[in-house]
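I opened the notebook to look up a few things in this structure. The entries follow in the order in which I checked them.

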Amino acid sequence: MTKSYDVIVIGGGPAGIIAAGRAAMLGAKVVLFEKMEKPARKLRITGKGRCNITNTKSIDDFFNEIEPEPRFLRQAFQAFFNNDIIELLNSNGLETVEERGHRVFPASGKAWDVAETLISWAKKQGATIECNTAVDDILVTEGTVCGVSILRKGSKTVQSVTAQSVIIATGGLSYPATGSTGDGLSIAYELGHTIMEPIPSLVALHTKPNAPYADKLIIKNVNVWLEVDGKKVAEEFGEVFFTPEGVDGATILRLSKKAIDALDHNKKTHVVIDLKPALSNEKLENRLQRDLTEASKKTFNDLLRGLMPAPIARFFCTQLKISPTKPIRAITADDCKTLVNMLKGVKLRVTGYGGWNEAIVTSGGVSIKEINPSSMESKLVNRLYFAGEVIDVDANTGGYNLQIAYSTGWLAGENAAKKTAK
Ligand SMILES: Cc1cc2nc3c(=O)[nH]c(=O)nc-3n(C[C@H](O)[C@H](O)[C@H](O)COP(=O)(O)OP(=O)(O)OC[C@H]3O[C@@H](n4cnc5c(N)ncnc54)[C@H](O)[C@@H]3O)c2cc1C
């Protein structure tokens, strides 16, 4: 027998769970279909397992962190913002703490707890969650959705489930092992929507030169900027870590979107790292001159080791073409100047970037021109809604991406339920 619901939510990530909970809270009969064996697999690994739940900055500050059109989210943020998700979690037994950069985390330090709290909240509102169930199509008659077809794990038979409204909350394409494989994008495309090209975002950069021997080495408190065609276009302060292919870490992730965009437009793209941001060139040169006179028996490598970890010293020797065993007394004034310049700006040409298995978010998705910002309803298909990363909006690191998921989920759930009641 074909089952019938008021609202079907496709995808059990943060956007789908909030959407299902909100619709059920308003009295709708709701089912959420999740294709994996458990909902919210990605949410459980966010923030290196700690989950940066949201950020306590203002809506206007959020707008500075979101692309391509942050104002699309104004009504979603007004409907359900950072204080609302914190309140929802706190009142359902999950304590939260605020850390540096206004970032909010669970007090337990476990992303898993955030996922479980949201799931139990949505169930408490009356939403049903069915796992191991993939939606493979949305059924539409005369421009209005009427249900979905599903395939349960282990079954070969596609089943139809009817509903008055359907919410697509299937995420993007990043970390496909968590279930986010872009199904919602294909389904939306089949229904006539424009899909802005999905590109990995918040991702490690591949560079030349690179320093594979420095793999996993973290350097903290450095200034990093992005140069496109010789012009500084963005700057970040914080940590960088080395990978076999290039560089990663918070600063790099934040610069990655602009870097990828420049690279994809065949522009000369460089990441430049100032290893000694607290020292001017002059101060650094004076310090080196002092080291040179005080330690005349030592080698160039000894000099470098006073300034940086061993793998980076090796990188400097290779790039400066100075032997590590060269005696300090043989270091010329020119060598000294070149060294200072490099300490103040290690220049790495960006040659590529990590793929979907590494990207934190997907940039691109269903065009916001085809979604009503006050309801998240499609402008092309009646009673079809979108929520979360499937939409063409994405943000920097800092808890903004999850907030987009909750806010759009809330608004989509609310409107889907209200329309059903009419
Ligand atoms: C490693 C990592 C760390 C991150 N850390 C943070 C952080 O700390 N803070 C932050 O703000 N953001 C973080 N993000 C980004 C954040 O996790 C995402 O933006 C967010 O999960 C998007 O939520 P969503 O509900 O739209 O999609 P998803 O979380 O991707 O969920 C989509 C769900 O839909 C299901 N699905 C897909 N297709 C189907 C189908 N056909 N049928 C049924 N179900 C389907 C999937 O299995 C999945 O469960 C991180 C991302 C990654 C990868």
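**Entry: overall.** I note at the start that the model is predicted. I took the extent of the chain from its C-alpha atoms, which fill a box of roughly 85 × 45 × 40 Å along the principal axes. For secondary structure I found twelve helices and 20 strands. I then looked at burial: of the 422 residues in the chain, 53% are buried. Of the contacts with a separation of 6 or more, 71% are between residues 24 or more positions apart.

**Entry: surface and charge.** I looked up the exposed area of the chain and got about 18600 Å², with carbon and sulfur atoms supplying 49% of it. For charge I found 52 positive and 47 negative side chains. The centres of these two sets lie 4 Å apart.

**Entry: a sheet.** I picked out an open sheet of three strands and read its order as β3-β6-β5, with antiparallel pairing. Its edge strands are β3 (54-55) and β5 (96-99), each of which pairs on one side only. Strands of a sheet pair through backbone hydrogen bonds, parallel or antiparallel. I followed the pairing of β3 with β6 (residues 103-106), which is antiparallel and runs over two bridges. Opposite N55 I found R103 of β6.

**Entry: helix α10.** Which residues are buried in helix α10 (residues 310-320)? I listed I312, A313, F315, F316, C317 and L320. I then asked what covers the buried residues of α10. The cover includes two helices, α9 (300-305) and α11 (333-343), and two strands, β14 (231-242) and β17 (346-353). Just after α10 comes K321, and I read its phi as positive, near 55°.

**Entry: cysteines.** How many disulfides does a search of the whole structure find? I got zero. A disulfide is a covalent bond between the sulfur atoms of two cysteines. Why is C317 without one? Its closest cysteine sulfur is that of C336, and I noted the distance as 14 Å, so the two are too far apart for a bond. The cut-off for the pair of sulfur atoms is 2.5 Å.

I also checked whether C317 and C146 count as buried or partly exposed. C317 counts as buried because its relative accessibility is 6%, and the cut-off for buried is under 20%. C146 has 27% relative accessibility and therefore counts as partly exposed.

Methods. Residues numbered from 1 in each chain as written. Predicted model: local features only at pLDDT ≥ 70, side-chain atom pairs only at ≥ 80, totals over all residues. Heavy atoms only, no water. Helix = DSSP H or I, 4+ residues; strand = E, 2+ residues; numbered from the N terminus. Buried < 20%, exposed > 50% of the residue type's maximum accessible area, 1.4 Å probe, protein only. Contact = heavy atoms within 4.5 Å. Areas by Shrake-Rupley, 256 points an atom, 1.4 Å probe, with all protein chains shown as cover. Lys, Arg positive; Asp, Glu negative; His and termini not counted. Charge placed at Lys NZ, Arg CZ, Asp CG, Glu CD. Pairing = 2+ DSSP bridges.
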